[in-house]
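I have a new structure open and want to know what surrounds its ligands. These are my notes, in the order I looked things up.

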Amino acid sequence: MSPSRIPRHVAIIMDGNGRWARQRGLPRIKGHEAGAESVRAVLRAARESGVKYLTLYAFSSENWVRPPAEVQGLMRLLRKFLREEEDELHANRVRLRAIGRLRDLPPPVRRELKRVMRATESYAARQLILALSYGGRVEIVDAVRSIARKVSEGDLQPGRIQEKTIRAHLYAPDVPDPDLMIRTSGELRLSNFLLWQLSYAELYFTDVLWPDFREEHFRAALEEYARRERRFGDIGAGR
Ligand code: IPE
Ligand code: IPE
Ligand code: MG
């Protein structure tokens, strides 16, 4: 694959853990546990394919309404994942980042997250970005608030607000927009994921449930991406 055909940034909505568990007569949390193995597989595949940024939707701002036991189970798994994955991140020089309202996370999870983020912040070549307590609309609300603060303090003229001003106030302003968005489990929606950033992404949907998603599925998505023609409003290559 020519380098331009490899997405620089892939964003994934990891969906279908609950259905995977249900099909096996297991509690939903077992599906989330199995999903952690898919995360590891995709991290490997992304690295081997030369994808520089990988954003994973791990917990949405809407997911807080789930039964408390499931939310607690997810938070426990997240902490476990951070602890177990740290060596692997160092070994592969991957920087861990997070986007979302991190202050909503239970303090032990937040502490672990901050620690691993700090420990890996010097790595530049590859980044793993976890979307946690993340909502695309809330991200825009947070951006608007900080822009409004600058305006009210006289540091910014309303007429000077441009697209790049809004981008600069998002959670990870230096991360380029995703080129490819993958959603598993057959649902055809965005569920409030990266609303601003996905504006020109190629969208890829698969029926595979997240706990079954492996390297070959990730590669199939990259192959499909390589066949797409991105036009960005222009008239295309055969002009
Ligand atoms: C995705 O799987 C994981 C999270 C949203 C945290 P789900 O838990 O949404 O699984 P389904 O959609 O119920 O199968
Ligand atoms: C989206 O999945 C959020 C994550 C994968 C973390 P959901 O399962 O929460 O989405 P909906 O509710 O089906 O739209
Ligand atoms: Mg779901």
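Entry 1, the shell around ligand 1. I checked which element contributes most here, and α1 gives the most to the shell around ligand 1, with 3 residues. I should jot down early that this is a predicted model. In total I find 13 residues surrounding ligand 1, and the closest are D15, G18, R19, R28 and R66. Sorted by class, the shell around ligand 1 splits into 3 nonpolar, 5 polar and 5 charged residues.

Entry 2, polar contacts of ligand 1. I went looking for N and O atoms close to the ligand's oxygens. The side chain of R66 has an N or O atom 2.7 Å from an oxygen atom of ligand 1. For the side chain of D15, I read 2.9 Å between an N or O atom and an oxygen atom of ligand 1. G16 takes part through its backbone, with an N or O atom 3.4 Å from an oxygen atom of ligand 1. How much of ligand 1 does the protein cover? On its own ligand 1 has 380 Å² of accessible area, and the protein covers 86% of it.

Entry 3, where ligand 1 sits. I looked at the pockets next, and the space taken by ligand 1 is the largest pocket. Three elements give two or more residues to the shell around ligand 1: α1 (17–23), α2 (28–49) and α3 (68–91).

Entry 4, on to ligand 2. I asked myself which pocket holds ligand 2. My note says that ligand 2 sits in the largest pocket. Its shell is made of I13, M14, D15, Y57, A58, F59, S60, N63, R66, R183, R189 and S191. I spot D15 and R66 in this list, and both names are also among the closest residues to ligand 1. Strand β2 (residues 53–60) gives the most to the shell around ligand 2, namely 4 residues. By class I get 5 nonpolar, 3 polar and 4 charged residues around ligand 2.

Entry 5, polar contacts of ligand 2. I find an N or O atom in the side chain of S191 at 2.6 Å from an oxygen atom of ligand 2. N63 has a polar side-chain atom 2.9 Å from an oxygen atom of ligand 2. For R183, I read 3.3 Å between a side-chain N or O atom and an oxygen atom of ligand 2. Ligand 2 exposes 390 Å² when taken alone, and the protein buries 78% of that.

Entry 6, back to S191. I wanted to know where this contact residue lies, and found S191 in the loop between β5 (180–183) and β6 (202–205). Its phi is positive, about 45°, although S191 is not a glycine. Is S191 buried or partly exposed? S191 has a relative accessible area of 29%, so I put it down as partly exposed.

Entry 7, N192. I found N192 in the loop between β5 and β6. N192 also has a positive phi, near 70°, and is a residue other than glycine. I list N192 as buried because its relative accessibility is 15%, and the cut-off for buried is under 20%.

Entry 8, R149. I ended with R149, which lies in helix α5 (residues 136–152). R149 counts as partly exposed because its relative accessibility is 47%. I also checked R149 against L188: they are 39 residues apart along the chain, and their C-alpha atoms are separated by 37 Å.

Note on methods: Residues numbered from 1 in each chain as written. Chains lettered and ligands numbered in written order. Predicted model: local features only at pLDDT ≥ 70, side-chain atom pairs only at ≥ 80, totals over all residues. Heavy atoms only, no water. Near = heavy atom within 4 Å. Polar contact = N/O pair within 3.5 Å; in protein donor to acceptor, adjacent residues only side chain to side chain. Areas by Shrake-Rupley, 256 points an atom, 1.4 Å probe, with all protein chains shown as cover. 1 Å grid on protein atoms, 1.4 Å probe; cavity = no way out; pocket = protein on both sides within 12 Å on 5 of 7 lines; lining within 4 Å. Sits in = over half its atoms within 2 Å of the grid points. Nonpolar A, V, L, I, M, F, W, Y, C, P; charged D, E, K, R; others polar. Buried < 20%, exposed > 50% of the residue type's maximum accessible area, 1.4 Å probe, protein only.
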